[in-house]
Amino acid sequence: MAGSYKVCVVGGAGGIGQPLSMLMAMDPNVSELCVYDLTLAMVPAEGVAADLSHLNMKCKVKGYAFDKDDKAIEKAGECLTGCHLVLVPAGVPRKPGQDRKDLLNINAGIAKNIVEACAKYCPEAVVGLIVNPVNSVVPAMCEMWKKKGLNPAKIVGITTLDVVRADKFVHEMTGSPMSDIQVPVIGGHAGATILPLFSQCQVGKTLPADKIPDMDKKVQDAGTVVVAAKNGKGSATLSMAYAGARLGKAVLAGLNGEVVQECAYVASTVTDLPYFASKVTFGKQGVETVHPLGDLNEYEQGRLNALMPVLKEEIQAGLDYAKENDFAA
């Protein structure tokens with residue numbers, strides 16, 4: 001039996017947000033979709049909602065536009081109240097010459113505006129974050145969420161695109177059916193912190209050992225390839241929307257009582273780091289089980305050892321942000 005869930009896409013009129021909103025409106029578990037964006041968006045949120053409201057699906061769609069200086073905690077009550085899932089493909093892309101700390105301060109501020117409003121209006125919702133740098137923003141938001149006494153299993157960093165890419169590249173190299181390919185991707189969601197475990201996939205483990213480092217790098221660098229191909233006019237928006245919707249679909253299926261596994265970046269105890277991406281099972285409470293990493297081969301173990309200090313530093317930047325900031329009451 002399909003559920004009747006309310007979903008909000010924050011940044012829903014943007015490059016990721018529009019196709020993500022469309023895919024969520026097509027999910028049979030979604031009965032209500034809120035398209036949330038700023039009044040300065042190139043396409044008005046109400047326009048995206050009007051467009052999507054004509055799909056022959058059960059989903060009701062409504063747009064909400066806010067001024068850039070509006071505080072969501074003061075203005076977004078109607079939009080967020082009753083939400084079961086809030087997807088946040090918001091934030092600014094990194095500009096040339098900008099360091100991660102500058103980007104973190106800007107985007108963590110954008111994420112905080114939304115997540116603190118979720119803490120007030122829909123504290124039971126699962127909040128899926130696609131806000132870069134994910135490795136730092138997710139810990140920052142989750143720690144502030146916990147300070148409010150809320151359940152950390154509700155905050156999820158969306159790393160699904162790394163899995164989607166790894167699966168596709170294995171398919172291209174082997175010709176095996178996509179349905180047989182499931183490569184877990186662990187670690188984080190940037191550069192060398194992205195670690196595809198080809199050895200844990202029935203098809204992936206048939207790849208020649210000398211091809212693995214290149215395949216590994218190809219997954220890590222895939223986003224840069226899209227940025228280059230778009231020639232300064234954007235980044236991975238359509239594939240990101242597809243991946244975000246796949247994760248969103250898994251969360252809603254979990255809420256609906258189905259057992260669904262995806263990789264995601266969450267509060268975790270499977271390594272020495274407090275946040276880590278690995279396979280998780282979604283259930284009635286959001287993240288129900290965070291699965292251990294499983295057996296790694298020698299190459300993967302070496303990569304894991306190398307990425308840990310990098311990821312640790314990026315997590316620490318998020319923890320530091322959370323120490324200095326609190327959600328508004």
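This report describes the cores, salt bridges, second largest pocket and selected backbone features of a predicted model.

## Nonpolar cores

The largest nonpolar core has 57 residues, and V86 and M141 are those with the most contacts inside it. Helix α5 supplies the largest share of this core, 9 residues. Apart from the largest core lies another one, of 43 residues, which includes V35, V164, A236 and V260.

The surroundings of V86 can be listed once its neighbours within four places in sequence are left aside. On that basis, V86 is in contact with C8, V10, L80, C118, C122, A125, V126, V127 and G128.

Helix α1 covers residues 17-25, and its buried residues are G17, P19, L20, S21, M24 and A25. The cover over these buried residues of α1 includes β1, β2, α2 (45-52), β4 (85-88) and α9.

## Salt bridges

The count of salt bridges in the model comes to 13. Three of the pairs are set out below, with the distance between the closest N and O atoms.

| Pair | Closest N and O atoms |
|---|---|
| E32 and K6 | 4.0 Å |
| K154 and E124 | 3.7 Å |
| D216 and R303 | 2.6 Å |

The salt bridge between E32 and K6 links distant parts of the chain: E32 belongs to strand β2 (residues 30-38) and K6 to strand β1 (residues 5-10), and the two are 26 residues apart. E32 counts as partly exposed because its relative accessibility is 29%. K6, by contrast, counts as buried, with a relative accessibility of 7%.

The salt bridge between K154 and E124 joins two loops. K154 lies in the loop between α6 (134-147) and β6 (155-157), while E124 lies in the loop between α5 and β5 (126-129), so the pair ties together parts that are 30 residues apart in sequence. K154 has a relative accessibility of 2% and therefore counts as buried. E124 counts as exposed, since its relative accessibility is 55%.

The salt bridge between D216 and R303 connects two helices. D216 is in helix α8 (residues 212-229) and R303 is in helix α10, and 87 residues separate the two. Is D216 buried or exposed? D216 counts as buried because its relative accessibility is 2%. Its partner R303, at 12% relative accessibility, also counts as buried.

Further contacts surround D216. Not counting residues up to four places away in sequence, D216 touches I194, P196, F198, Y299 and R303. The C-alpha atoms of D216 and A72 are separated by 40 Å, and these residues are 144 residues apart along the chain.

## The second largest pocket

The second largest pocket has a volume of about 280 Å³. It is lined by 14 residues, of which K101, L104, S136, E313 and A317 are the closest to its centre. Which elements give two or more residues to the lining of this pocket? They are α5 (100-121) and α10 (298-324).

Helix α10 makes the largest contribution to the lining of the second largest pocket, with 7 residues. When the lining is sorted by class, it has 5 nonpolar, 3 polar and 6 charged residues.

Two of these elements also appear elsewhere in this report. Helix α5 gives the largest share of the largest nonpolar core, and helix α10 holds R303, the partner of D216.

## Backbone features

Two places in the backbone deserve separate mention. The peptide bond that joins N132 and P133 is cis, with omega about -10°. P133 has its place in the loop between β5 and α6.

N231 has a phi near 55°, which is a positive value in a residue other than glycine. N231 is found in the loop between α8 and α9 (238-255). Is N231 buried or exposed? With a relative accessible area of 60%, N231 is exposed, because exposed residues are those over 50%.

Note on methods: Residues are numbered from 1 along each chain as its sequence is written. This is a predicted model: local features need pLDDT of at least 70, side-chain atom pairs count only at pLDDT 80 or more; totals for chains, interfaces and linings use all residues. Side-chain values use heavy atoms; hydrogens and water are left out. On a 1 Å grid over the protein atoms alone, a cavity is a set of points where a 1.4 Å probe fits but cannot get out, and a pocket is an open set with protein on both sides within 12 Å along at least five of seven lines; lining residues have an atom within 4 Å of a point. Grid points are joined across faces, edges and corners, and a volume is the space filled by probe spheres set on the points. Helices (H or I, at least four residues) and strands (E, at least two) are DSSP runs, numbered from the N terminus. Ala, Val, Leu, Ile, Met, Phe, Trp, Tyr, Cys and Pro count as nonpolar, Asp, Glu, Lys and Arg as charged, and the others, Gly among them, as polar. A nonpolar core is a set of buried Ala, Val, Leu, Ile, Met, Phe, Trp, Tyr and Cys residues joined through side-chain atoms within 4.5 Å. Buried means under 20% relative accessible area, exposed over 50%, partly exposed in between (1.4 Å probe, protein chains only). Contact means heavy atoms within 4.5 Å. A salt bridge is a side-chain nitrogen of Lys or Arg within 4 Å of a carboxyl oxygen of Asp or Glu.
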